[in-house]
Amino acid sequence: MESSPQMVHERGGQEETPQPQPQAEPSGASAALAQEIAELWGEHLDSPGVGPEDDFFALGGNSLAGIKIIERVLQDHGVRLSVRDFYLAGTPTKVAELIEQGRAGT
């Protein structure tokens, strides 16, 4: 069973699980979000200069750092990512795409 990002509402409810959509070229907003996520990774992995295409595990990422990043994404963007989806995404760009999917409810 696959999991997908879910938008979390302030009242605590969740929307239906979004369905995957075909990937398009990242927009300017996507690139900015990917850079924001890369900076977040840099904070939690103690690795300044993380780029949007850098691999989480190649940077020394571990389960504790992953959980902390997932929690920050929920706090900052209101999107709940599953641990599985986060690890499979592997790069800030792909995590940014998951956040956008969660925001759009797709």
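Is R72 buried, exposed or partly exposed? With a relative accessible area of 25%, R72 is partly exposed. The legends below come back to this residue after a look at the core; keep in mind that the model is a predicted one.

**View 1. P92 sits in helix α4 and is fully tucked under the buried label, at 0% relative accessible area.** Helix α4 covers residues 92-104, and P92 has its place there. P92 counts as buried because its relative accessible area, 0%, is under 20%. Who keeps P92 company? Leaving out residues up to four places away in sequence, P92 touches A34, I37, A38, W41, V50, G51, P52 and D54. Take V50 from that list: P92 and V50 are 42 residues apart in sequence, yet their C-alpha atoms are 8.9 Å apart in space.

**View 2. W41 has contacts with many parts of the chain, P92 among them.** Skip the neighbours within four places in sequence, and W41 is in contact with V50, D54, D55, F56, L59, I69, F86, G90, T91, P92 and V95. V50 and D54 may ring a bell here, since P92 touches them too.

**View 3. The largest nonpolar core brings together 21 residues.** Inside this core, the residues with the most contacts are W41, L81, F86 and V95. Helices α1 (28-44), α2 (63-77), α3 (83-89) and α4 each chip in at least two residues. The largest share comes from α1, which gives 6 residues.

**View 4. R72 and E43 pair up in a salt bridge.** Their side chains meet at 3.4 Å, N to O. R72 lies in helix α2 and E43 in helix α1, so this pair ties together parts that are 29 residues apart in sequence. As for how open the partners are, E43 counts as exposed, at 52% relative accessibility, while R72 is partly exposed, at 25%.

**View 5. R72 also reaches D76, in a salt bridge of 3.0 Å, N to O.** Here both partners belong to helix α2; being 4 residues apart, R72 and D76 are separated by about one helical turn. D76 is partly exposed, with a relative accessible area of 39%.

**View 6. E43, R72 and D76 form a network of salt bridges.** How many salt bridges does the model have? The count comes to 2. One joins R72 to E43, and another joins R72 to D76. Side chains of opposite charge can pair when their charged atoms come close.

Notes:
Residues numbered from 1 in each chain as written. Predicted model: local features only at pLDDT ≥ 70, side-chain atom pairs only at ≥ 80, totals over all residues. Heavy atoms only, no water. Buried < 20%, exposed > 50% of the residue type's maximum accessible area, 1.4 Å probe, protein only. Contact = heavy atoms within 4.5 Å. Core = buried A, V, L, I, M, F, W, Y, C linked by side-chain atoms within 4.5 Å. Salt bridge = Lys/Arg side-chain N within 4 Å of Asp/Glu carboxyl O.
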